[in-house]
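Me: Hi! I've got a structure open and would like to chat through a few of its helices. Could you help me out?

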Amino acid sequence: MPRTCIALISLTLVFLSCSALAAPAPGTLPATAMPSVLTVPPAAQASDQFDPVAATDAYLAAMPADARARSDAYFEGGYWMILWDFLYAVVVCLLLLNLRWSASMRNLAERITHFKPLQTIIYWTEYLLLTTALFFPLTVYEEFLRERKYGLATQTFGPWLGDQGKLLLVNLVLGAILSMMLFGVVRRLQRTWWIWGAIVTELFLIFAVLISPVYLQPLFNKITRLDDPKVTAPILKMARANGIPAKDVYEIDASRQTTRMSANVSGFANTMRITMNDNLLHRGSLEEIQAVIGHEMGHYVLNHVYHGMEFFFIVAVAGFAFLRGSLNWSLERWGEKWQIRGVGDTAVLPLVVLLGSMFFFALTPVMNSFIRSQEHEADMYGLNASRQPDGMAQAAIHLGEYRKMSPGPLEEWLFYDHPSGRTRIYDAMRWKSENLQFMQPGQ
Ligand SMILES: [Zn+2]
């Protein structure tokens, strides 16, 4: 279950850092880079005849056609990656079951020790190493070659591989804890394990979200306090105006891995912090930075992390209910052939991953729509908090470096976990048209 585990970690990171935008370090702009829209196009400048549709079109027209074609290609390729990832996972799981590799790994774990929790850890280690190797070609293509091809990755192969090694260790430890707890629950509570399984998974997610900024993020990146009042003063002013008890702004060196821009507002009480990545800091205008941080403040003030966890719990209960039915059904038919003794047997893991992949594949539009609705709320909050509709439009254009700007309605519903660039610019321009009194001359 490395991909499941990676998905869990990604989910954690999504909760922690809603990555907003994409941009390369200065001086190394890739072919996909959008222009820095530092001046507001004439049709988007405040006036008595301000028209949000014309203003939106003027911003979209500022994007070079070839750069836009590349980002469309990258993003549409991502739709196919959802399908290939799913099919690849299905094939790997079926191999592990039908060749009885899963049963052999369990047998080896049982020969090493009679202590059940330790058997689970050993099985998990074997499983993780084997599936990481089997997934390696796909991982290299998807997360290294493809990202480099589109100018979104900044690492060479060596450092990238180093990060993958660290991720493997994190998965080894976190996955061992989770699988030990889940198999313990299944063996002890044979009738109600699916409810308790959902509860354990939810608690584990909360644990992962809590430890991530302190123990996981520093494994991959360096976080330092930002000391530039020109940037921090307006942000801290906005924080106070929105009841956010942050005293400092932090910077994370995301440019080590990626050209994407992002920021987040996370934690509570003493751990409360506002963090922006160095890509946003170096390439975003002050207006853009404020719009993005306003958006992140929206996530925080509107308690999106907590709502996300509530939503995840509903998904987890539904997922475990589906697992209970589908595991029994499959094991009755093929359990003997695969040499799996029952739901509490660790050798069942590839089947769990197979069924879980089907469940989440079918749920893709639902998950996307939930996150997208939160992102829209954060956009509107950010506009009100920052009063920077043009900063917001610039941000949406930078995001257009890796996200298709103008999808069809069905496409947006199925595949977008953020509103599309066109939607975000239009929302900003409509806000501007109805709040012209807040605009400075020339904006
Ligand atoms: Zn967001």
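Me: Let's start with α8. Which exposed residues does the face turned away from its buried side carry?
Reply: Happy to help! Keep in mind that this is a predicted model. That face of α8 carries the exposed residues P229, K230, K237, R240 and A241.

Me: And which residues of α8 are buried?
Reply: Those are V231, T232, I235, L236, M238 and A239. Looking down the axis of α8, you find the buried residues within an arc of 160°, so they line one face of the helix.

Me: What do the buried residues of α8 pack against?
Reply: Their partners are the strands β3 (249-252) and β6 (273-277), along with the helices α9 (278-283), α10 (286-301) and α12 (349-386).

Me: How far apart are the end C-alpha atoms of α8, and what span should its residues give?
Reply: The ends are 17 Å apart. Helix α8 covers residues 229-241, and at 1.5 Å a residue its 13 residues should span 18 Å, so the two values agree. The expected span counts one less than the number of residues, in case you're checking the arithmetic.

Me: Thanks, I was! Which residue with a positive phi follows α8?
Reply: That's G243, with phi near 70°.

Me: Changing topic: at what angle do α5 and α6 cross?
Reply: At roughly 145°, with the axes of α5 (residues 116-149) and α6 (residues 157-188) coming within 9 Å. The crossing is right-handed. In the contact of α5 with α6 there are 16 nonpolar, eight polar and three charged residues.

Me: Now α13. How many of its residues are buried?
Reply: Eleven of the eleven, residues 389-399, so α13 is largely enclosed by the rest of the structure. Among the buried residues are D390, Q394 and H398, as well as M392, I397 and L399.

Me: One more helix. Where is I206, and how far is I206 from Y306 in space?
Reply: I206 sits in helix α7 (residues 193-220). Its C-alpha atom is 9.5 Å from that of Y306, although the two are 100 residues apart in sequence. I206 is partly exposed, with a relative accessible area of 29%; the cut-offs here are under 20% for buried and over 50% for exposed.

Me: What about I195, where is that one?
Reply: I195 is in α7 as well. I195 is partly exposed, at a relative accessible area of 36%. Between I195 and I211, 16 residues apart along the chain, the C-alpha separation is 25 Å.

Technical notes. Residues numbered from 1 in each chain as written. Predicted model: local features only at pLDDT ≥ 70, side-chain atom pairs only at ≥ 80, totals over all residues. Heavy atoms only, no water. Axes fitted to C-alpha atoms, helices over the stretch in contact; angles between N-to-C directions. Helix = DSSP H or I, 4+ residues; strand = E, 2+ residues; numbered from the N terminus. Left-handed = near helix turned anticlockwise from the far one by under 90°. Nonpolar A, V, L, I, M, F, W, Y, C, P; charged D, E, K, R; others polar. Buried < 20%, exposed > 50% of the residue type's maximum accessible area, 1.4 Å probe, protein only. Arc of directions from axis to C-beta. Contact = heavy atoms within 4.5 Å.
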